[in-house]
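Welcome to a short tour of one protein chain. Have a look at the sequence and the 3D view first, and then read on at your own pace.

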Amino acid sequence: MGEDDHKAWLREEVEDWSSEGIIDDHQAKLILSRYGLAEAPSSNENLNKKKDTSKLVTVISILGAFLIGIGAILFVASNWQRIPNIAKMVLLLGTTYGTYFVGWELKFNRRTYPLMGEALLFLASLFVGATIFLTAQIFNVNANTHWLLLVWFLAILPFGYAFRSSIIISLNIVTFVLWTTFYISQARYLVQSSFEIFMLYLLLGINLYGLGQLHLKFEKYAHFRIIHQGFGLFFILISYFYFSLETPYRDILTRLTPVNWQVQLFFLLFAVTSVIFLISNISMYQKVKNTKYELIVLALAFSGWIGAWLLTFFIDSFTTSVTEYGYTYTRIDPQIATILFIFFNLIFFVLSIGSILIGYYKATVPFVNIGMFFFVLGVLHLYFTTLYELLPRSLAFIAGGLILITLGWYMENKRRFIISEIKEFDLS
């Protein structure tokens, strides 16, 4: 067998190994390049492969830590009444401290298993919350109070930065959002506070995005901006998706009661900080021109909030009293509801597209994915609230299927194109 025959045989074998899953494409290229049958994979490919593997290990480790934490909490809770109070405190504090210690050792001191250390540090932060709630139960403190969530938030606030952990910072944001939600819900009836909660989420999203911008001033923590801004875009878009529904105007707005001082204080505080972050973004735009879309998104989001806030002062002008079956209730003018529906849908779609553009020009894939997700969600909502009602049911399903297939194909291709360009930009 000649040299050419050997090479042809090797090429066929490698292709068979790859198709059977014995080796992956990267390994196939390495083998073929060793014998001059293909170009060697670039260092960028190696780097991307390592990054992908690292992300997978991180996700698996964090999921494992989360399951361990849930299992441990459930096990202790099932035997809680049998354990003396002193033993309970020792168990809670010892487990939390020990988990932090082992995580620190693996990630920073020995550096042998940094990803596992990251997962354990996250697990310990979950244990902090469990410790706070169970300690409140031991000393007969109302464990349902929102203040316990605030204590959890404050307890782990510095750990995300101290441990350079993105997942702990994410947990910190989630605990803060939960606290604000429970605070308003307990200050008012939940059915009456739904509109206010999303109003607060909108301001919270603007603040989170502005806070992410501040991280650019500190090189050591600059990479944490994506977490804050990602959550910020999510809360901005989910708030406007809620506003794009007809429910807030046909139902909740007609039952608003005077806002108490606690909720007013929240709105005032977050509105002031939102204005500060907007001014900061304007000054940044004068220096860095690619912040244009960020400025547009934040300004439009805040302007819409002002409009929704002013709307609450004119509810009496937009509503009429209706009596049906012996019950009298208020109903918003259908024409006003339609105008608000169109207005907030337009803002919602502009913000969704703005999120995609921010992700593209900032080379940040998560922003593209967030914008794409809410854009598709908005299209589906419009379909089921307009086209579905206008067409016969059979035609509506056919039209909906065609729209979904076409939209899904187009948006996925567009998303892949944007992501590929972002990766090429990063590599260059």
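Helices here are DSSP runs of H or I with at least four residues, numbered from the N terminus. With that in mind, Glu-294 can be placed in helix α13, which covers residues 292-311. We will come back to Glu-294 after a look at the whole chain.

**The chain as a whole**

Please keep in mind that this is a predicted model. The protein chain holds 17 helices and 2 strands. Of its 428 residues, 41% count as buried. Among the contacts in the chain with a separation of 6 or more, 67% are made by residues 24 or more positions apart. The accessible surface of the chain is about 24,200 Å², and carbon and sulfur atoms account for 67% of that surface.

**The largest nonpolar core**

The largest nonpolar core has 71 residues, and the members that touch the most others are Trp-152, Leu-202, Ile-236, Tyr-240, Phe-243, Trp-305 and Leu-351. Helix α9 gives the largest share of this core, with 12 residues. Trp-305 is a good place to zoom in. Setting aside neighbours within four places in sequence, Trp-305 is in contact with Met-199, Leu-202, Leu-203, Tyr-240, Phe-267 and Ala-271. Leu-202 and Tyr-240 thus turn up twice, as contacts of Trp-305 and in the list of core members with the most touches.

**The second largest pocket**

Next comes a space rather than a cluster of side chains. The second largest pocket contains about 400 Å³ of space. Its lining is made up of 21 residues, and those nearest the centre are Phe-153, Phe-176, Leu-208, Leu-211 and His-228. Which helices supply at least two residues each to this lining? They are α6 (146-156), α7 (159-162), α8 (166-187), α9 (190-214) and α12 (261-285). The largest share, 6 residues, comes from α8. By character, the lining has 15 nonpolar residues, 6 polar ones and no charged ones.

Phe-153, one of the residues nearest the pocket centre, sits in helix α6. Is Phe-153 buried or exposed? Phe-153 counts as buried because its relative accessible area is 12%, and the cut-off for buried is under 20%. Apart from residues up to four places away in sequence, Phe-153 touches Asn-172, Thr-175 and Phe-176. Phe-176 is itself among the residues nearest the centre of the pocket.

**Two neighbours on helix α13**

Now back to Glu-294. With a relative accessibility of 1%, Glu-294 counts as buried. Which residues does Glu-294 touch, not counting those up to four places away in sequence? The answer is Tyr-209, Gln-213, Gln-229, Asn-281, Ile-358 and Lys-362.

Tyr-293 is placed in helix α13 as well, but its relative accessibility of 22% makes it partly exposed. Beyond its neighbours within four places in sequence, Tyr-293 is in contact with Leu-357, Ile-358 and Tyr-361. Ile-358 therefore appears on the contact lists of both Tyr-293 and Glu-294, where contact means heavy atoms within 4.5 Å.

**Pairs apart in sequence**

The table sets out some residue pairs, with their separation along the chain and the distance between their C-alpha atoms.

| Pair | Separation along the chain | C-alpha distance |
|---|---|---|
| Leu-92 and Ala-130 | 38 residues | 8.1 Å |
| Phe-153 and Gly-129 | 24 residues | 8.5 Å |
| Tyr-293 and Leu-351 | 58 residues | 9.6 Å |
| Ile-356 and Phe-367 | 11 residues | 6.1 Å |

Two residues in the table still need an introduction. Leu-92 is in helix α4, residues 85-109, and counts as buried at 8% relative accessibility. Ile-356 belongs to helix α15, residues 334-361, and is buried too, with a relative accessible area of 12%.

**A backbone detail**

The last stop is a loop. Arg-164 lies in the loop between α7 and α8. Most residues other than glycine have a negative phi. Arg-164 is not a glycine, yet its phi is positive, at about 50 degrees. Is Arg-164 buried or partly exposed? At 42% relative accessibility, Arg-164 counts as partly exposed.

Terms used:
Residues are numbered from 1 along each chain as its sequence is written. This is a predicted model: local features need pLDDT of at least 70, side-chain atom pairs count only at pLDDT 80 or more; totals for chains, interfaces and linings use all residues. Side-chain values use heavy atoms; hydrogens and water are left out. Buried means under 20% relative accessible area, exposed over 50%, partly exposed in between (1.4 Å probe, protein chains only). Accessible areas come from the Shrake-Rupley method with a 1.4 Å probe; for residues, only the protein chains shown count as cover. On a 1 Å grid over the protein atoms alone, a cavity is a set of points where a 1.4 Å probe fits but cannot get out, and a pocket is an open set with protein on both sides within 12 Å along at least five of seven lines; lining residues have an atom within 4 Å of a point. Grid points are joined across faces, edges and corners, and a volume is the space filled by probe spheres set on the points. Ala, Val, Leu, Ile, Met, Phe, Trp, Tyr, Cys and Pro count as nonpolar, Asp, Glu, Lys and Arg as charged, and the others, Gly among them, as polar. A nonpolar core is a set of buried Ala, Val, Leu, Ile, Met, Phe, Trp, Tyr and Cys residues joined through side-chain atoms within 4.5 Å.
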